[in-house]
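Here is a short report on two buried side chains and one sheet. Read it beside the sequence and the model.

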Amino acid sequence: MKLVAFAIALVVASCEAATPQLRFAWKEVDYEWNTPAERENAIKSGDFVPANNLPLGLGRWKNKLFVTVPKWKNGVASSLNYVDLNGTSDQLLKPYPSLKDNLIPDSAKDLPSNKTIISVFRIYIDPCDRLWVMDTGLADIWGAGNQIVRPSIVIFDLKTDQLLHRYFFKLEDMKEDSFFANIVVDVDQNTCDDAFAYIPDLGGYGVVVYSLKQNDSWRVAHHFFHFEPLAGSYRVGGVEFHWTDGVFALALSEPRENGFRTMFFHAFSSTKEFCVSTELLRNYTHIDKQEAFHDFKLLGDRGQGTQASASFYDPNTQVLFYGQVNRDGVGCWNSNKPYTPENNVLIFSDPKLYEFPNDLKIDDEGLMWILVDKLPRFLYKTLDPNEVNYSIYSISAKDAIAGTACE
């Protein structure tokens, strides 16, 4: 009997799913300052309030792992930063492209230079070694709310750390409640000059398309960009809250036979997933809007309580990954299967470790990077500076889905 029990234990152990590796962890974040005096002066002036700096977005390029810190509250010293992959797990954040380009007073009235970064939620690193930054231009979001400049796309050359271009949104791109917190880029190494960026408007329920070649933008509207009234309630980390966030997560497939990609998308406050061809998005200004309405497709529903934050499509596995904020983990769906609750799998979950999976990306090596924070507690309560509040994990995308319905 003991031998049988031992054999069963071995089988269970061998089938145990892989778990992400903890790579970075912070109780509070701090930055690399030029001098200790500069840091002290920033604290005295209110330009740096350590407790108000919460990491939210990420992206990897070679030995740099970029980490964004939006200006949710006052006193965020640097919104765009990176850490060294081979550095310590609690290392200081390095402002990018420099501290000077990030350390802007919350009360500022204009942009000191085109390199200046105000407040960034998410970024995108393209195959042409460029960093695309969606700068909201809004400081102290949760407080006084100062719109220093219009939202803009800022593009850096990662090989030289030089600014390539900055594009400010047109007035017709925005609505009264617009908020732009994400960006994905449609490009490959052979079409670097003909890139398209897609930016969801979670507050105005639309998507802005930007053409680098045309240096122009246009707004796409559809009913599927709105939130679901019955999916706006959350309970995370002991905090109950209600959000009306619309279209938020965008993910691009590999190019299809016609050369265009499928864009998967969902509203934050929703459990449904939708898709549309990027051919429609690119040519939206020239097509019949009434006819194009039906080209947006409902894929299906993940099931109750499956509201998702960021998502990322892995072309190697053809799997769509997404942060499951109400379930303290990461879920997935294999795009070769029907979009049903049974085929939407929670691959790892732990309320102590993955309380609010806020962003995830998959790099060129097939590693999935997951940034976890405690955003609801940060916004509605307070964080304990004596415990770990922000973490970054990594895991092979293939290992993450091994033995699951997503494989």
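Asparagine 52 is buried, at 12% relative accessible area (buried is under 20%, exposed over 50%, partly exposed in between, with a 1.4 Å probe and protein chains only). The model is predicted: local features need pLDDT of at least 70, side-chain atom pairs count only at pLDDT 80 or more, and totals for chains, interfaces and linings use all residues. Residues are numbered from 1 along each chain as its sequence is written, and side-chain values use heavy atoms, with hydrogens and water left out.

Asparagine 52 sits in the loop between helix 2 (36-45) and strand 2 (57-61). Helices (H or I, at least four residues) and strands (E, at least two) are DSSP runs, numbered from the N terminus.

Lysine 361 belongs to strand 26 (residues 356-362). Lysine 361 counts as buried because its relative accessibility is 12%. The table gives its polar partners.

| Partner of the lysine 361 side chain | Distance |
|---|---|
| Aspartate 359, side chain | 3.0 Å |
| Isoleucine 123, backbone oxygen | 3.4 Å |

A polar contact is a pair of N or O atoms within 3.5 Å; within protein, one must be able to donate a hydrogen and the other to accept it, and residues adjacent in sequence count only if both atoms are side-chain atoms.

Strand 26 is part of an open, antiparallel sheet of four strands, ordered 1-28-27-26. Strands 1 (21-26) and 26 are the edges; each has a single partner strand, so one side of each lacks a neighbour in the sheet. Strand 1 pairs with strand 28 (residues 390-396) over five bridges, antiparallel (pairing takes at least two DSSP bridges). There, glutamine 21 faces serine 394 of strand 28.
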